[in-house]
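Biologist: I would like to learn how to read a model of this kind, feature by feature. Please take one residue to start with and work outward from there.

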Amino acid sequence: MAKNIYLILLYPIMAAVIIQYFAGNFPFHFFEFPLNIILGAIWIYSVYMLLRKNNCTNNITRVLVSPETTAFSLFLFVCGTLVIGLFPQLSAIEAEQKEGILGQLGFYNFMSSWIFVSILFILLSHLAAITIRGFKSRKKKRWRFLLNHAGVWLALFGGFMGSSDIITARIPVFFDKENNEALTMEGKHFYLDYDLQLTGFDADYYQNGMPKSYVAEVKVSDRHSENSSQISLEVNHPYEYKFGEDIYLVSYDTRSDKPQYCVLQIVRQPWKYIQLIGIIMTIAGAVGMFIGGPQKQTSKQ
């Protein structure tokens with residue numbers, strides 16, 4: 001039976017490899033809000049319906065909740081993270097220019113590949129199944145199990161489903177004019193609903209002339225109203241302009257003695273708070289297991 005489960009789980013991976021080789025990376029942009037919400041709800045409901053009657057004779061149900069699926073999905077996920085760690089992860093445009101079999105398989109932008117998406121789909125489906133089954137359990141102290149598994153699932157689910165809504169763009173900001181036209185990492189124009197203008201810039205340098213630190217004063221003007229605000233930006237200290245949208249200072253005009261512009265990065269990631277909740281739940285579950293100890297887990301229920 002274990003061998004059959006491994007074979008069943010290999011089918012979507014093999015299909016993903018073929019699709020990746022011939023079609024390129026997964027089209028996340030197609031699944032933007034609200035389609036990702038709708039498909040996510042259908043996905044979870046489908047898993048719930050498979051487990052609704054606690055029917056473990058169904059082949060799909062047995063695969064979803066089996067220990068072999070736990071081991072295999074975690075193995076695949078570790079392999080995926082190793083690819084991400086061992087190969088330089090480039091923008092979509094740069095990754096498409098990579099030649100060879102590894103480039104065709106999306107190794108240089110692996111998180112957007114069909115292969116990694118299929119790995120996450122298997123892992124998330126499995127986590128959803130065992131979490132739903134855990135809710136049905138009458139065992140005492142099951143909350144620790146639920147917090148751990150539901151937290152991991154929520155963090156990964158938020159990252160997976162929210163990928164289509166993530167926008168990362170860079171915009172030059174000048175002293176003499178306002179600007180709202182940014183360029184995404186995919187090379188597409190992206191227009192902000194607010195204007196940015198540089199009002200002040202200060203930099204400290206090492207003795208060799210290399211920048212030590214720099215701070216930009218930027219005016220942010222809402223295009224739909226007359227409201228404006230003054231913000232101070234420093235490297236590695238983002239400013240949250242609105243829910244799920246952060247502004248980073250990443251570079252500046254190094255060719256002039258007095259910088260004439262700076263470069264800001266806009267990161268729109270509305271699902272990050274869902275991921276944060278999942279991480280907090282996982283930590284809470286781990287603390288509960290540490291406090292409860294192994295003896296309570298094996299005591300009579």
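Modeller: Start with N180: its relative accessibility is 13%, and because buried means under 20%, N180 counts as buried. This is a predicted model, and the values discussed here are computed from it. N180 lies in strand β2, residues 179-184.

Biologist: Which residues is N180 in contact with, leaving aside its neighbours within four places in sequence?

Modeller: N180 is in contact with I171, F190, Y191, L192, Y194, D195 and R223. Two of these, Y194 and D195, also appear in the contact list of S221. The rest of that list for S221 is E178, N227 and S228, again leaving aside neighbours within four places in sequence.

Biologist: Where does S221 lie, and is S221 buried or exposed?

Modeller: S221 lies in strand β4, which covers residues 211-222. The relative accessible area of S221 is 11%, so S221 is buried. For a sense of distance, the C-alpha atoms of S221 and L146 are separated by 45 Å, with their positions 75 residues apart along the chain.

Biologist: What does the protein look like as a whole, in helices and strands?

Modeller: There are nine helices and eight strands. Taken along the principal axes, the C-alpha atoms fill a box of roughly 70 × 50 × 45 Å. The protein has 301 residues, and buried residues make up 37% of them. As for contacts between residues at least 6 apart in sequence, 58% join residues at least 24 apart.

Biologist: Take a pair of helices next. At what angle do α2 and α8 pack?

Modeller: For a helix pair, read the angle, the axis separation, the handedness and then the residues. Helix α2 (residues 35-51) and helix α8 (residues 142-162) pack at about 140 degrees, and their axes are 11 Å apart. The two helices are therefore oblique to each other. Their crossing is right-handed. On the α2 side the contact involves N36, G40, W43 and I44, and these meet W153, F157, F160 and M161 of α8. By class, the residues of this contact are six nonpolar, two polar and no charged.

Biologist: How far apart are the axes of α4 and α7?

Modeller: The axes of α4 (residues 67-86) and α7 (residues 114-136) are 9 Å apart, and the packing angle is about 145 degrees. The crossing of α4 and α7 is left-handed. From α4 the contact takes T69, T70, S73, L74, L76, F77, G80 and I84, and from α7 it takes F116, I119, L120, I122, L123 and H126. The contact of α4 with α7 divides into nine nonpolar, five polar and no charged residues.

Biologist: S118 is found in helix α7. What does S118 touch?

Modeller: Not counting residues up to four places away in sequence, S118 touches P12, I13 and A16. S118 is buried, at a relative accessible area of 10%.

Biologist: How many disulfides are there?

Modeller: The count comes to zero disulfides. As for the surroundings of individual cysteines, C79 is partly exposed, with a relative accessible area of 30%. C262, at 0% relative accessibility, counts as buried.

Biologist: What should I look for in the backbone angles?

Modeller: Most residues other than glycine have a negative phi, and most peptide bonds are trans. Cases outside that pattern deserve a look. The peptide bond from F33 to P34 is cis, with omega near 10 degrees. P34 sits in the loop between α1 (2-23) and α2.

Biologist: What is the phi of N236?

Modeller: Phi of N236 is near 70 degrees, which is a positive value in a residue other than glycine. N236 lies in the loop between β5 (228-234) and β6 (239-242). Its relative accessibility is 67%, so N236 counts as exposed.

Biologist: One more loop residue, then. Where is the place of G100?

Modeller: G100 is in the loop between α5 (92-96) and α6 (101-104). With a relative accessible area of 42%, G100 is partly exposed. The C-alpha atoms of G100 and P34 are separated by 36 Å, and the two residues are 66 residues apart along the chain.

Conventions:
Residues numbered from 1 in each chain as written. Predicted model: local features only at pLDDT ≥ 70, side-chain atom pairs only at ≥ 80, totals over all residues. Heavy atoms only, no water. Axes fitted to C-alpha atoms, helices over the stretch in contact; angles between N-to-C directions. Helix = DSSP H or I, 4+ residues; strand = E, 2+ residues; numbered from the N terminus. Parallel < 35°, antiparallel > 145°, perpendicular 65-115°, else oblique. Left-handed = near helix turned anticlockwise from the far one by under 90°. Contact = heavy atoms within 4.5 Å. Nonpolar A, V, L, I, M, F, W, Y, C, P; charged D, E, K, R; others polar. Disulfide = S-S within 2.5 Å. Buried < 20%, exposed > 50% of the residue type's maximum accessible area, 1.4 Å probe, protein only.
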